[in-house]
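Here are a few exercises to work through with the model open beside you. Try each task before you read its solution.

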Amino acid sequence: MKKIIDFIVIEKQSFPRAALLKLKSDMPLPEIRGGQFVNVRVDGCDKAYLRRPISIHDVDYQNNTIDLLIQEKHEGTTKLCALPVGATVNVVLPLGNGFTMPDKDDNVLLVGGGIGIAPLLYFAKTICRDARPSVFTTAFLLGGRTRDDLMLLDRFRNEGDVFITTNDGSMGEKGFVTEHSLWDTMKINKIYACGPMPMMKAVAKLARERGIWCEVSLENQMACGIGACLCCVENTKEGNLCVCKEGPVFNIERLLW
Amino acid sequence: MVKTEIKLKGLTLKNPVMTASGTFGYGEEYADFVDLSELGGIIVKGTTLHHREGNPYPRMAETPMGMLNCVGLQNKGVDYFVETIYPRIRHFDTNVLVNVSGSNIDDYVTAAAKIDALEDIPAIELNVSCPNVKQGGMAFGVTCSGIEQVVKAVREVYHKHLMVKLSPNVTNIAEIALAAEAAGADSVSLINTLLGMAINAETRKPVLSMVTGGLSGACVKPVALRMVWQVSKAVKIPVIGLGGISSATDAIEFLLAGASAIQIGTANFIDPAISAKVAKGIEEYCERQGVEDVNELVGGMIV
C-alpha cells in the first residue's frame, strides 16, 4: 500500500553535487521492493512545483528509515540536498514496480552509472535477504565520469564484488561500463541496469548481442508518480506505458531501443 | 452539522468537491490516499471513441507554480472503458463522471451514447477544450457555433446530466458558455488548461514534443476565478469551477465567485490526499463562519 509520510532527516552525508539523506518515520514503513522509488515534495522552492522522484537507496524496517542518495541536478534536487538534519520531508512511497527477483543459480550483474547506482544497493540487499544462497553471484559494475561520481563504495562492497570504470581513469578501468574487462571473464545471466540513457542503451545492446536477460530502470520526467497523468510515458512494444507505474523497471525486450 | 449536498439537474453531490479529468486516473490510482466516498464526484480520464496513443514524450514541462502538458488524450477508447474499467469502478461510493472527447461530431455522439447506457455513470463532462490534439475538441470549444453544434448533437443522444468543459483560450468565455447553455448543457465546467509553451534556452528547442501545451496548477487560479465569475453572471445553469485549486480556501473563493461545485486537478499530483482535505476544509470554514448550507456560499462574493 502506498503512503504519504512526513519523515525527519536524521543523518546526512554530503558529496560533490550529491547528498545521502537518512529519513526516519514515526509510522511503520510499507513493504518496499528493490528498484521502487519515492516522490518527494520540495518545500520552499519556487522552481519546484512538482514532487521529485528519487530512487530508494536503502531501507531499514526495524528503525523505520529509508536512505535517499540524491544528485543535485536543478533547483529542486539542490534544495533537497541542502536539507539539514532535523528537517521534515513529505514523501509518497513506494512507487513503481521494482526489479524482478533473480532465479536460483543466477549470476547477477548490477550495472550503475552516475546517480543510477542508488537503487542497486537496496535491490542487492533484497536479493541477499530473499534469494540467497540460491543466487550464485551478485556483482556490481559501477561507472562514473570521475571518481567523485562513485560514492558509498563500502556499502556496495558489503553486498558483492565491486568493479569500477571512470571516463577519466581516475578510478577503476578507464572507459565506459560496457568496456570493462569483466564482460569477457565473468559468467552473467541476469543484468540489472540504472543510469544515464546512453549507458543503459549501450548495456541493453551488449545484453542483446550476448543473449543475456536484462532489465533497465528508466527515469522519464514525471508529474504524478502514480500512473494518473500519463506524462512520463515510454513508447514500448505495447504502446505508451507510464514509467512511474508500469516501470520504472522494464525488461529490454519490451522496449523499442 | 453543515449541509454540504449540492443538487444539480440529475446529479446530487454529497459535497462540492470533484476531481478533474486527466489528473485522477480512474480513481483507483488514488484509493490508497483518499477515501473516495468523501468526495462529491470523480471525473475519469478523457475518453474517445477510438483508442488513442496520445502524443510523443516529452509531454510535461514544469513552470513557476504550475506545469504544461501535452498528453493528447491517451486512452484505450470507449469500448475498453465500458468493458474493462467501468465494472471495476461503477460501485465507488461517489459519483463517477466520464470526460468524453472527440475529433468530429459523430465520434462525440457515438461515445456519449455508449456512456449513456451505463447505469452507474450519472453524468458526462463533454470535453470541447483539449488544447493538445488537432481538432481535439478545442476547435469546437472556441466558437459559439462550434460548441452549439457539438452540444446539440450530444444532447440528442445523452439523457443524463450533461456538463460541458470550456476552454479559457477564447476572447469572451461568457458568450461560449451561453451558447453551450442554449444548446442544452446542464452545467458548464471551467477552465480547461491555458495554451502555453516552454523553450529550453540551452538547446534552443521546445520542451514539449508538440511545442505548445496546456498550463495548469496554482499559477492559473486568478484567471480561472475571473472566468468563473464572468460565466456565472451570464448563465442560468450551474457553473463548476476549476483551475489551480490547491486548498479549501481556494475552493471557497470559487464558490463565492459563483461556482456551485469545484474540481481539483493538478494539486492532486502534489498532495494525492488533497481532494478529501479540501472537502473537510470547506466544512470547517462553514462551521467557523456560521454557514449552515454550503449552497449559501455560491455567488456570495460581497462587492
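The domain bounds used below come from an automatic or database domain assignment. Keep in mind that this is a predicted model.

**Exercise 1. Find the domains of chain A and describe how they meet.**

Step 1. Start with the bounds: the assignment for chain A gives domain 1 as 3-95 and domain 2 as 107-217.

Step 2. Next, take the C-alpha centres of domain 1 and domain 2 of chain A, which are 23 Å apart.

Step 3. Now look at the contacts, for which C-beta atoms must lie within 7 Å. On one side are 14 residues of domain 1 of chain A, and on the other 11 residues of domain 2 of chain A.

Step 4. Ask which strands build the domain 1 side: β2 (18-24), β5 (58-60) and β6 (65-71) of chain A supply at least two residues each.

Step 5. Finally, sort that domain 1 side by residue type, and you get seven nonpolar, five polar and two charged residues.

**Exercise 2. Describe the side of chain A that touches chain B.**

Step 1. Count the residues in contact: 25 from chain A and 27 from chain B.

Step 2. Look for strands on the chain A side. Both β14 (233-236) and β15 (239-242) of chain A provide at least two residues there. With three residues, β14(A) gives the most.

Step 3. Divide the chain A side by type: 13 residues are nonpolar, six are polar and six are charged.

**Exercise 3. Work out why the radius of gyration of chain B agrees with that of a compact globule.**

Step 1. Get the expected value: for 303 residues, a compact globule would have a radius of gyration near 19 Å.

Step 2. Compare it with chain B, whose value is 18 Å and therefore agrees.

Step 3. Add the outer dimensions: along the principal axes, the C-alpha atoms of chain B fill a box of roughly 55 × 50 × 40 Å.

Step 4. Check burial and contacts. In chain B, 58% of the 303 residues count as buried. Of its contacts with a separation of 6 or more, 71% are between residues 24 or more positions apart.

Step 5. Round off the picture with the elements of chain B: nine helices and 16 strands.

**Exercise 4. Trace one hairpin in chain B.**

Step 1. Locate strand β5 (residues 60-63) and strand β6 (residues 66-69) of chain B; they run antiparallel and are joined by four bridges.

Step 2. Pick one bridge: Glu62(B) has Met67(B) in β6(B) as its partner.

Step 3. Inspect the turn. Two residues lie between β5(B) and β6(B), and Met65(B) takes a positive phi near 55° in this hairpin.

How values were computed. Residues are numbered from 1 along each chain as its sequence is written. Chains are lettered from A and ligands numbered from 1 in the order in which they are written. This is a predicted model: local features need pLDDT of at least 70, side-chain atom pairs count only at pLDDT 80 or more; totals for chains, interfaces and linings use all residues. Two strands pair if DSSP finds at least two bridges between them. Two residues are in contact if their C-beta atoms, placed from the backbone, lie within 7 Å. Ala, Val, Leu, Ile, Met, Phe, Trp, Tyr, Cys and Pro count as nonpolar, Asp, Glu, Lys and Arg as charged, and the others, Gly among them, as polar. The radius of gyration is taken over C-alpha atoms; the globule rule is 2.2 Å times the number of residues to the power 0.38. A residue is buried if 20 or more other C-beta atoms lie within 10 Å of its own, exposed if 12 or fewer, and partly exposed in between; C-beta atoms are placed from the backbone.
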